[in-house]
Each structure stands twice: as C-alpha cells, then as structure tokens.
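User: Could you walk me through a few local features of this protein? I would like short questions with reasoned answers.

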Amino acid sequence: MGIKSFQGIRRSSKKEFDAPILVTDYMSKKLVNFSPDQSILEVMEAFAKHKISGGPVLDDNGFLVGIISEADCMKQISESRYFNQPILDKSVEKYMTKEVETIPHDMSIFDAAGVFDKHNRRRLPVMKDGILVGQISRKDIVIAALKLSGQNWK
C-alpha cells in the first residue's frame with residue numbers, strides 16, 4: 001500500500017513582483033518649460049524662482065526642441081564677462097542643447113539608471129508617442145531604488 005499525502009494540491013508559491021518599477025511611476029509631471037525665443041535672463045530668473053537647474057524647451061506646438069540648463073546659462077555669463085557686457089536678452093535657442101537624449105515612459109528604472117550612467121546627464125525628458133510627458137532625474141532613480149529595496153531586499 002502506497003503512502004497517501006494529506007497536504008492537498010500543491011500550488012506554486014512564487015511571489016508576484018508588484019512594486020512600481022517604471023519611469024512613469026517616478027518622473028516629475030509638472031515641469032517648468034521654456035520656449036526657444038525666451039531670453040536667457042528670464043530662464044535664470046525661473047531657475048532661481050522654482051529652485052530648478054534645467055528644463056525642457058518646447059516649440060509653439062508643444063514639441064521638444066531642446067533642453068536648457070544652468071551649465072548652458074554659464075556660457076552666456078562667461079561670454080558677457082569676457083566682452084565686458086551685461087547679460088543680454090539673448091535667446092534660449094542660442095544656448096540650449098539641441099541634441100537631447102530622451103527615454104520612453106515605460107522604461108524600467110534599472111534601464112534608466114544605465115542611460116544616466118552612459119550619457120552622464122542630470123535629467124532626462126520622458127516621452128510617450130513623441131510627446132513630452134515628464135522628466136526624470138538621477139535623484140528620482142535613487143529614490144525609486146530605495147523604495148524598492150524597502151519592499152524586496154529585506
């Protein structure tokens with residue numbers, strides 16, 4: 001006579017991973033946007049007012065055409081000092097970075113961390129179907145990793 005088990009049917013005890021791990025879960029959605037014809041002086045004032053260090057540049061139709069940062073503003077400050085002139089109302093278009101690396105909204109934060117490491121950027125615009133939907137920073141990735149470690153790496 002064989003041994004009978006009284007444990008019942010065995011079910012897989014694989015734990016589901018339900019923590020949010022996508023860029024869209026951690027990105028900033030309320031952005032301070034700039035236009036190509038805005039003056040650098042206005043941009044610097046916005047940086048100080050909103051306590052930010054950069055932002056996307058959008059055309060009249062709302063499409064991403066560049067990104068402006070404090071580093072870009074430093075170029076203008078340096079030039080004005082060199083030529084002994086005040087900071088002029090030169091446009092953002094002259095100083096913005098036009099070749100912008102972007103990431104998709106449905107990328108994992110782990111892949112986004114790799115993009116940050118590869119391109120050495122402080123922030124990246126987040127796109128969905130060619131439209132800007134947010135921005136994610138290195139700090140956002142670090143916060144996401146900390147939240148995940150609290151749930152899963154006990």
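Here are some questions and answers on strands and a helix.

Analyst: Happy to help! This is a predicted model, so to speak of local features we need pLDDT of at least 70, and side-chain atom pairs count only at pLDDT 80 or more, while totals for chains, interfaces and linings use all residues. Residues are numbered from 1 along each chain as its sequence is written, and side-chain values use heavy atoms, with hydrogens and water left out.

User: In which sense do β4 and strand β5 pair?

Analyst: Strands are DSSP runs of E with at least two residues, helices runs of H or I with at least four, numbered from the N terminus. Two strands pair if DSSP finds at least two bridges between them. β4 and β5 (residues 131-137) share six bridges, and Arg 123 has Ser 137 as its bridge partner in β5. The sense is antiparallel.

User: Which residue in the turn of the β4 and β5 hairpin has a positive phi?

Analyst: Two residues lie between the strands of this hairpin. The one with a positive phi, about 55°, is Asp 129.

User: Is Gln 135 buried or exposed?

Analyst: Gln 135 sits in strand β5 and touches residues including Met 27, Leu 31 and Val 126 (heavy atoms within 4.5 Å). Buried means under 20% relative accessible area, exposed over 50%, partly exposed in between (1.4 Å probe, protein chains only). At 12%, Gln 135 is buried.

User: Which exposed residues does the face of α2 turned away from its buried side carry?

Analyst: Helix α2 spans residues 40-50, and its buried residues are Ile 40, Val 43, Met 44, Ala 46 and Phe 47. The face turned away from that buried side carries Glu 45, Ala 48 and Lys 49.

Methods:
Lists of a residue's contacts leave out its neighbours within four places in sequence.
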